Amino acid sequence: PEVKDFRYYDAGSYKSVYIATTAAGREEILKIVCLPQDQSTDEAKAFRQQELGRVQREIRTLANCTSPYVVRLGTIAPGIRAIEGESCFVYSEEKLPGSSLKSVIELLVAKPTDAEVKLLLRCLILGVQALWTECKTVHRDIKPANIFCTGLADRPYVLLDLGIAYNVTEPGLTIRADHIPHTPLYLAPEMVDSNFRETLSYRADLY
């Protein structure tokens, strides 16, 4: 009921993303995470709790991080909803102007200037610093697809998608201890060790 209309925008490995117009007339990014429906075994229940725990962790981090270089939560209250008979976790984020750094790179006809690269690095480092100092959280998946180029003077680059972010003060959520959620080619070397959770820090994001 908080949404007047929406249109498809993108999809990740476990979530669908839409551009939605709220009842108040504001455009936001609506995210729908389809939770595992099977709860017939202990393993299935544990997997569902893992996926639910991840999205709840993401929500807490976004709510607590004050950096302008990290995406902000939207106005749609996070929670579990029944959608077409399936249990889903629904929440929203602000809709930023611009496009992803991945899209920008694909369209580049010339190398970026030193000033542009320095500005990008400054925004990312400040975002990483805020996630660590305010939330003790490591993003773990910083890559061009998860960086938004807004064109805004006060926040030109913004970090998105904390779906596999890790809070070092909380227990791990992954059922298999040897499984490392990551994007190939963007994995910090120290995370190759299956015991990485014991030593994980902001350094993985700086890498």
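## Exercises on a predicted model

Let us start with Lys-136, which is partly exposed, with a relative accessible area of 34%. The model is predicted, and the exercises below walk through it step by step.

**Exercise 1. Work out where Lys-136 lies and what is notable about its phi.**

Solution.
- Step 1: Find the loop between α3 (114–135) and β7 (137–138); Lys-136 lies there.
- Step 2: Look at the backbone. Lys-136 is not a glycine, yet its phi is positive, at about 50°.
- Step 3: Place its accessibility. Partly exposed covers the range between under 20% and over 50%, and the 34% of Lys-136 puts it in that class.

**Exercise 2. Now take Glu-84: is this residue buried or exposed, and which loop holds it?**

Solution.
- Step 1: Locate the residue in the loop between β4 (79–83) and β5 (86–94).
- Step 2: Check the backbone: Glu-84 has a phi near 50°, a positive value in a residue other than glycine.
- Step 3: Compare its area with the cut-off. Exposed means over 50% relative accessible area; Glu-84 has 81%, so it is exposed.

**Exercise 3. Describe the strands that pair with β2, and explain why β2 is largely enclosed.**

Solution.
- Step 1: Begin with strand β1 (residues 3–11), which pairs with β2 in the antiparallel sense over 7 bridges.
- Step 2: Turn to strand β3 (residues 27–34). β3 and β2 also run antiparallel and are joined by 7 bridges.
- Step 3: Pick out Ala-20 in β2. Ala-20 is the bridge partner of Phe-6, and Ala-20 stands opposite Glu-28 in β3.
- Step 4: Follow the chain from β2 to β3. These two strands form a hairpin with 4 residues between them, and Gly-25 in the turn has a positive phi of about 85°.
- Step 5: Consider burial. Strand β2 spans residues 15–22, and 7 of its 8 residues are buried, so the rest of the structure largely encloses it.

**Exercise 4. Describe the largest pocket: what is its volume, and which element supplies the largest share of its lining?**

Solution.
- Step 1: Note the volume, about 870 Å³.
- Step 2: Look at the lining. The largest pocket has 38 lining residues, and Asp-10, Lys-31, Ala-145, Asn-146 and Asp-161 lie nearest its centre.
- Step 3: Trace the elements. At least two lining residues each come from β1, β2, β3, α1 (42–64), β5 and β6 (99–100). The largest share, 4 residues, belongs to β3.
- Step 4: Sort by class: 18 nonpolar, 9 polar and 11 charged residues line the largest pocket.

**Exercise 5. Do the same for the second largest pocket: how many residues line it, and how many of them are polar?**

Solution.
- Step 1: The volume here is about 400 Å³.
- Step 2: There are 22 lining residues, with Leu-124, Ile-142, Asp-205, Leu-206 and Tyr-207 nearest the centre of the second largest pocket.
- Step 3: α2 (101–107), α3 and α4 (203–206) each give at least two lining residues, and α3 has the largest share with 5.
- Step 4: By class, the lining of the second largest pocket holds 18 nonpolar, no polar and 4 charged residues.

**Exercise 6. Explain whether the radius of gyration of the protein chain agrees or disagrees with that of a compact globule.**

Solution.
- Step 1: Count the elements: the protein chain has 4 helices and 10 strands.
- Step 2: A compact globule of 207 residues would have a radius of gyration near 17 Å; the protein chain has 18 Å, so the two agree.
- Step 3: Add burial: 45% of the 207 residues are buried.

Technical notes
Residues numbered from 1 in each chain as written. Predicted model: local features only at pLDDT ≥ 70, side-chain atom pairs only at ≥ 80, totals over all residues. Heavy atoms only, no water. Buried < 20%, exposed > 50% of the residue type's maximum accessible area, 1.4 Å probe, protein only. Pairing = 2+ DSSP bridges. 1 Å grid on protein atoms, 1.4 Å probe; cavity = no way out; pocket = protein on both sides within 12 Å on 5 of 7 lines; lining within 4 Å. Points joined across faces, edges and corners; volume = space filled by probe spheres on them. Nonpolar A, V, L, I, M, F, W, Y, C, P; charged D, E, K, R; others polar. Rg over C-alpha atoms; globule rule 2.2 N^0.38 Å.
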